[in-house]
Amino acid sequence: MTDRTEQAILDADTATLHRMGYAQELSRRMHGFSNFAVSFSIICILAGGITAFQSAYSGGGAFTAVVGWAVGGIFALIVGCSMAQIASAYPTAGGLYHWSSILGGRAWGWVTAWFNLLGLIFVVASVNVGVYSLFNGLILGNIFGVNTSSWGYEQQTIAVVLITGAQGLLNHFGIKTTTKLIDFSGYLILVIAALLTGTMLYSVQHFDLSRLFVFTNFTGTAGGGVLPHSSSHLYIFGLALLYPLYTITGFDGSAHTSEETIDARRNVPRGILNAIFWSGVCGLVMLSSFILAMPDPVKAAADGSNVIFNLMASLPVSAALKDVLYIGIVLANFLCALAGVTSTSRMVYAFARDGGLPASKLLKQVDHRHRSPVYAIWATVLLSIAATLYSPAFAALAVGCAMFLYISYSMPILAGLFAEGKNWTEFGPFRLGALSKPFAAITVLGALLIIYVGTRPPYDILDNYLIGLLVLLAIIWFGVARTRFPGPPINAAEIAARAAEIRKEEAALKDAVD
């Protein structure tokens, strides 16, 4: 791509942003791979694919893990297609919230924003709790021989503060540094996942692919107490779907970094879909290798939450190779949450830009030197740490992440289902055509199923989050926000009114750079 061609694309990106009523405050440094790497890093099959494996295997064994992953992956791809179509039309940092406002109205957008924000906070919180757990189990325990069995909630909290604070610092110093790390993360995930899968397959005693489709009820004590006992196969399979849906989530990160992506109308949809597809395929192969490598599937299930730790420790390979895998997995999880902080902070910045948050004037500010929303970054850090204080259980954070994010994904898609061809007439290069409405209907029905299984035992603690959030949103909306929340500029008059402010903001950025 020549400099002149790239400049023309950048000018077109800026013009698109101006037509939606926003200034080009953030720096467009991301090309197609970088945008893909944001979502691929947040999905990170080395995060949820490992730390949440027992939530499926301790249900119906291999069948619910493998078939559940395949079904969940296909559903995620359908959701991603619907999201990509809207992202191609409206490439903004606010993403889902902005789309819901345009397609469903100001109140619908405001509610979407809060579900999306809570889900994104849970992404960072759950992954960083996972970083702590993996660091303890894989590095401190296996490499250095440190006994951390007496460590508890206090140590977890201190570790999460340090981990999340480091991710905040890296994000603070700008998208240039963060992009390089996230790009590296994309390659790292592929390499370590391939190495881990190869090591598992090398350790297989007898290849028996039929093992992948055996249903065994491991609920209750047979599965290490991960899930309560149930005789309902349908219920067990429903719970198992939360495994892929927790892992294959956060792909809205490509949308939230739209304003930092070159040729966003094309590269953002590609980033979303490629991240989901390759995560789904690679994750399916990886988890299948776990099951094939188990010397005894029944004994492995009894290990419960330690199933992967014990399996890796028992692999008949060199200690040096295991150490490389351990370090790579922990580093990939750290970078996964780093990308999560990037995505979430852009959501906070975009929502504050439209006056949707307390202290919006502060949270919407962009540091002119680093071209990053520094106050939004540190708000993300504090909120994600706070989420772990209320719910120290990893499983609750993981399921909450999946539930709230997929609710937020479905809301603009539901609005688009009714708006398409009516008040939604502007589309981007990526179109679904005849598949648009069927995919939207599948998304909404799937989100309702996720709400149901996500609030059943052992995840019923999420009832408090869901009910509390709905009550709080109703009080805030009817008490304050309905009259004070301006929302994003939607009609021509509102967008035109922002023209002078856009020129002022971009001139200030130019002066700072000069």
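P458 sits in the loop between α19 and α20 (462–484), and the peptide bond leading into P458 from P457 is cis, with omega near 10°. That is worth a second look in this predicted model, since most peptide bonds are trans. Two residues also stand out for their backbone angles. C44 has a positive phi of about 45° although it is not a glycine, and A359 does likewise, at about 60°. Most residues other than glycine have a negative phi. The settings of the two can be told apart by element: C44 lies in helix α2, while A359 belongs to the loop between α15 (319–353) and α16 (360–363). C44 counts as buried, because its relative accessible area is 0%, under the 20% cut-off.

Stepping back to the whole chain, the fold is built from 22 helices and 0 strands. The radius of gyration is 22 Å, which agrees with the value near 24 Å that a compact globule of 514 residues would have. Taken along the principal axes, the C-alpha atoms fill a box of roughly 70 × 45 × 45 Å. Of the 514 residues, 60% count as buried. The accessible surface comes to about 19,600 Å², and carbon and sulfur atoms account for 66% of that area. As for contacts between residues at least 6 apart in sequence, 85% join residues at least 24 apart.

Helix α3 (residues 53–60) is a good place to see burial at work: 8 of its 8 residues are buried. The list runs through F53, Q54, S55, A56, Y57, S58, G59 and G60. Just after α3 comes G61, with a positive phi of about 70°.

Loops can be covered too, and S27 is a case in point. S27 is found between α1 (3–19) and α2, and its relative accessible area of 11% makes it buried. Leaving aside neighbours within four places in sequence, S27 is in contact with I175, E260 and R371.

What about empty space inside the protein? A search of the whole structure turns up 2 cavities of 30 Å³ or more. The largest cavity holds about 70 Å³ of space. Its lining consists of S82, Q85, I86, P412, I413, G416, L417, E420, W424, L432, S436 and A440. Helices α4 (62–89), α18 (394–419) and α19 (436–454) each supply at least two of the lining residues, and α18 gives the most, with 4 residues. By class, this lining has 7 nonpolar, 4 polar and 1 charged residues.

The second largest cavity contains about 50 Å³ of space. Around it are I42, I43, A47, G48, V123, V127, Y246, T247, T249 and C336. Two or more of these residues come from each of α2 (32–51), α6 (106–140) and α10 (242–247). Here α2 is the top contributor, giving 4 residues to the lining; α2 is also the helix that carries C44 and its positive phi. The lining of the second largest cavity divides into 7 nonpolar, 3 polar and no charged residues.

Note on methods
Residues numbered from 1 in each chain as written. Predicted model: local features only at pLDDT ≥ 70, side-chain atom pairs only at ≥ 80, totals over all residues. Heavy atoms only, no water. 1 Å grid on protein atoms, 1.4 Å probe; cavity = no way out; pocket = protein on both sides within 12 Å on 5 of 7 lines; lining within 4 Å. Points joined across faces, edges and corners; volume = space filled by probe spheres on them. Nonpolar A, V, L, I, M, F, W, Y, C, P; charged D, E, K, R; others polar. Buried < 20%, exposed > 50% of the residue type's maximum accessible area, 1.4 Å probe, protein only. Rg over C-alpha atoms; globule rule 2.2 N^0.38 Å. Contact = heavy atoms within 4.5 Å. Areas by Shrake-Rupley, 256 points an atom, 1.4 Å probe, with all protein chains shown as cover.
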